[in-house]
Structure formats: structure tokens, C-alpha cells
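Hi,

Here is the structure I promised to pass on. Have a look at it first, then read my notes below.

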Amino acid sequence: MATLSSYCLKIDTLRASNSTVFLPVSVASLICDCQFPPKTLISCRSSINLRLKFSDPYNKATGHFQIHSDRFGIQYKSRRILTRTPVVRADANQIDDDEEAVEVSKVNGSSKKEADLEQQHKSSQLAKRVVFGLGIGITAGGVVITGGWVFSAAVAAVGFTASREYFELVRSQGIASGMTPPPRYVSRVCSVICALMPLLTLYKGQIDVSVASAAFVIAMALLLQRGNPRFSQLSSTIFGLFYCGYLPSFWVKLRCRLLAPALNTGVGATWPILLGGQAHWTVGLIATLISISSIIAADTFAFAGGKAFGRTPLTSISPKKTWEGAIAGLTGCIVTSVLLSKIFSWPTSMFSAIGFGFLNFFGSLFGDLLESMIKRDAGVKDSGSLIPGHGGILDRVDSYVFTGALAYAFVRNLLPLYGV
């Protein structure tokens with residue numbers, strides 16, 4: 001007798017046809033870790049009766065997947081968990097490519113055991129996020145306070161890893177199908193240059209000539225390659241150079257090049273002489289700590305506010321973001337900036353502290369949205385899997401990419417006497 005089980009399905013293609021066609025369908029039990037979201041969009045009319053017959057050649061079992069208007073169900077004549085991609089035969093009657101999408105989100109027949117396993121998996125993922133998040137936060141705080149070549153080397157390592165993830169996104173099926181990605185040797189050279197930029201910034205201060213020279217070398221390498229050079233190769237590579245190398249270097253400028261002492265802060269007076277004493281607490285150090293703390297507060301408040309009050313979508317680029325969450329994030333960012341400015345006695349003006357909070361929030365928000373746009377076009381959820389529970393490096397630092405440049409410009413050019 002057929003048993004009712006619950007599965008996540010993803011239909012890769014669905015073509016119009018008057019006859020039976022073979023369509024690839026990925027099937028995985030909810031007990032397993034699915035590689036696609038539980039909600040899958042299937043292009044069909046809301047009133048269509050679509051029946052997919054599938055068989056598992058390894059298990060000698062058959063079943064069917066059937067859609068009736070807004071509900072679906074799966075019958076599979078086996079209790080064995082199906083983890084392979086089965087052979088599928090579908091009757092796609094009068095289905096056109098331009099039809100509206102029907103969201104399949106209701107899973108029938110979910111057992112209590114499967115629900116418990118899914119809840120345990122979510123709890124495990126949350127625990128990983130918290131543990132690794134705390135570890136990253138504590139390590140980053142120590143690196144920022146240390147400064148110098150330690151901070152610059154950390155930014156260089158992040159830039160190199162982020163560059164590798166960026167070029168993998170460029171080569172992904174979602175983006176590469178509409179453009180020609182750069183050759184691998186060019187992307188590797190670009191990643192090395194991105195890693196060198198923060199180090200050059202530490203010792204040279206200005207890297208404008210170095211960036212222009214690197215862009216020229218990369219452009220020549222692309223133009224002289226074998227085959228047919230494409231503009232998409234040039235644009236994606238130069239943007240990667242700017243996004244993963246040049247912009248992160250402003251954090252080195254902010255932390256390590258703004259050496260004016262923050263004389264009003266009480267923390268410096270009690271700082272050990274062996275660790276630099278009062279002189280260690282510079283405008284650059286305090287501005288970096290406030291900026292990073294404000295970004296963390298913005299992300300935290302936006303997440304909490306969106307979960308609790310989120311109703312109005314902010315943008316189609318990132319459907320989970322809401323206006324309510326953004327307002328909560330802005331509030332948390334400004335409050336954190338003002339509180340820390342009182343603790344460190346920098347900047348001395350309340351108006352400057354509020355403006356710094358605004359700048360940090362909008363820099364982090366648009367940095368996050370930009371990376372979401374890249375991932376959306378690439379068709380992936382995370383930029384990588386380097387950090388358990390958090391995804392890739394780009395997923396963690398996207399809010400910081402533009403903020404360093406904005407913070408440096410604010411302190412360097414808009415605050416009189418660097419806000420002291």
C-alpha cells in the first residue's frame with residue numbers, strides 16, 4: 001500500500017508540449033538537508049492538474065507528484081528516504097513559459113518526527129551562528145585594538161577570500177549564463193592584488209596610482225588573451241578590484257592612518273604603558289570601534305525589529321527586509337553611536353555622533369543590498385560556506401565594504417580637528 005511522505009521538490013525546467021516530455025526533478029526528504037528552499041516556484045496555471053510520475057531505479061519503487069490548484073501531495077511506495085534524482089515522466093498539458101508562478105509551500109503528511117528533526121536542525125544552526133559569531137566578534141575586537149600590521153593583514157586576508165568568493169559568484173550559472181566570466185588566471189591575479197592593497201595602504205598611505213596601474217595591467221591581460229575578449233570580463237574584473245580591494249583599504253586608512261590622539265577619552269588614561277598608553281587611543285581607533293559597533297547594532301536591531309514588527313517589504317532585492325526592520329536598525333545604530341561617543345568622549349559634538357550613526361547605517365544597508373543583488377543574480381543563498389552557520393566571508397562583511405570609505409571621509413573631511 002502506498003505511504004504518504006513529505007518531500008521538497010524543485011522543477012528545473014518546465015516546457016510547453018503537447019506530448020509527454022522528460023523533466024529533471026530534484027527530490028529530497030525533509031529529514032535530509034535540502035540544497036534548495038522548501039518553497040519552490042512552479043510555472044503553471046492555478047487551475048492546471050499537473051501529474052509527475054517518477055521512479056527510483058535504485059530502489060525499484062514508483063510514485064507520483066500531483067498538483068491540484070493550490071495543494072500538492074506525494075505518494076511513494078517505499079519507506080526508504082529518497083536522496084537521488086529519479087527518472088521523471090511528466091504530462092505538461094498547456095503550460096507556457098510566461099504563465100504566473102504558483103508557490104508550493106504546503107507539505108502534506110509531515111510526521112511529528114520529521115518536524116522535531118527539522119526543529120533540532122534549526123536549533124543546531126542557530127547555536128553555530130551564535131558560537132561562531134561570538135568568536136568572530138571577540139577576535140575582530142582584539143585585531144582592531146591591536147591595529148598596525150595585524151589589522152592590515154587581517155583586512156588583506158578578508159579581501160583575498162572575499163575576492164575569491166566574488167569571482168565564484170561571477171562564474172555561477174545564474175550570472176555566467178548572461179555574460180562571459182573572466183579567465184581564472186585573471187581572477188587569481190586580481191585576488192592577489194586585492195590582498196596587497198591594504199598592506200600598501202598601511203605603508204604608503206595613498207594607493208590611487210597602484211590601483212590605476214593594477215587596473216591597466218588587468219585590462220591589458222584581458223585584451224591580449226586568446227579568443228574573443230568581452231566587455232563583461234573587463235567590467236566584472238574591475239568591479240571586483242574596486243569592491244574587494246580598494247574599498248576595504250579605507251578601513252586601514254581609518255584605523256591606522258588617522259593618528260591624532262583622542263585626548264579627551266578616559267580609556268586612554270588607564271591604558272597600560274606597555275601597550276602604548278594614552279597615545280595608543282587615536283581618533284582612528286575610536287572611530288573604527290564606533291563604526292563597527294554601530295553596524296553590528298544596526299544588523300541586530302534590524303533583524304529583531306523585522307521579526308517582531310516587519311510588514312512592509314523594503315525592496316525586491318532582499319524580500320526579507322522590511323521598512324520596520326530598517327527603522328529599528330537605524331535607531332539602534334544611532335543610539336549605539338551616541339552612547340559610545342559619550343563613553344569615549346569622541347566626537348565631542350552630539351550632532352556629529354548622530355550624523356556618524358546615520359552614515360554607518362546607510363553604508364551598511366546598501367552594502368548588504370548590493371551583495372544580495374549579486375547573490376540573487378547568481379541564484380545562491382550564501383556566497384560560500386567558510387563560516388559554519390554564517391555562509392561565506394562576503395556574507396559577513398558586506399555591510400562593512402562601503403562603510404569604511406564613508407566613515408573615513410566623514411572623519412577626515414567633515415569633522416573639524418577630527419572631532420576632538
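A good place to start is the record: the unreviewed UniProt entry annotates residues 130-160, 209-225, 231-251, 281-304, 325-344 and 350-370 as "transmembrane region". Keep in mind that what you're looking at is a predicted model. I checked how two of those annotated stretches come out in it. Residues 209-225 are 88% helix and 0% strand, with the end C-alpha atoms 24 Å apart. For residues 281-304 the figures are 92% helix and 0% strand, and the end C-alpha atoms lie 33 Å from each other.

Stepping back to the whole chain, you'll find 13 helices and nine strands. The chain has 420 residues, and 43% of them are buried. If you take the contacts between residues at least 6 apart in sequence, 68% of these join residues at least 24 apart.

Now for the inside. The largest nonpolar core is made of 59 residues, and F151, Y166, L241, L254, W346, F356 and V411 are the ones with the most contacts inside it. Try clicking on F356: leaving aside residues up to four places away in sequence, F356 touches A287, I290, S291, S337, W346, A407, F410 and V411. Apart from that core there is another one, of eleven residues, with L330, A353, L365 and L369 among them.

The helix I spent some time on is α4. It covers residues 184-204, 21 residues in total, and spans 29 Å from its first C-alpha to its last, close to the 30 Å expected at 1.5 Å a residue. Even so, α4 isn't straight throughout: there is a bend of about 25° at L196, and a proline, P198, follows within four residues. The buried residues of α4 are V186, S187, C190, S191, I193, C194, A195, M197, P198, T201 and L202. When you look at such a list, remember that an α-helix has 3.6 residues a turn, so residues three or four places apart point the same way. And what covers the buried residues of α4? The cover includes α2 (148-170), α5 (208-223), α6 (231-246) and α7 (249-257). Right after α4 comes G205, which has a positive phi, near 85°.

Last, the charged pairs. The count of salt bridges comes to six. Here are three of them:

- D368 and K321 meet through their side chains at 3.1 Å, N to O. D368 sits in helix α11 (residues 350-378) and K321 in the loop between α9 (283-309) and α10 (323-344), so this pair ties together parts that are 47 residues apart in sequence. D368 has a relative accessible area of 16%, so D368 is buried.
- R171 and E168 form a salt bridge at 3.5 Å, N to O. R171 is buried, at 17% relative accessible area, whereas E168 is partly exposed, at 38%.
- D377 and R376 pair up at 3.7 Å, N to O. D377 is partly exposed, with a relative accessible area of 40%, and R376 is partly exposed too, at 43%.

One more thing on these pairs: salt bridges with shared partners join E168, R171 and R184 into one network. R184 should ring a bell, since α4 covers residues 184-204.

Have a look around and send me any questions.

Cheers

Terms used. Residues numbered from 1 in each chain as written. Predicted model: local features only at pLDDT ≥ 70, side-chain atom pairs only at ≥ 80, totals over all residues. Heavy atoms only, no water. Core = buried A, V, L, I, M, F, W, Y, C linked by side-chain atoms within 4.5 Å. Buried < 20%, exposed > 50% of the residue type's maximum accessible area, 1.4 Å probe, protein only. Contact = heavy atoms within 4.5 Å. Salt bridge = Lys/Arg side-chain N within 4 Å of Asp/Glu carboxyl O. Helix = DSSP H or I, 4+ residues; strand = E, 2+ residues; numbered from the N terminus. Expected span 1.5 Å × (residues − 1). Bend = angle between axes of the 7 residues up to and from the residue. UniProt positions renumbered as here; feature names shortened; annotations may be inferred.
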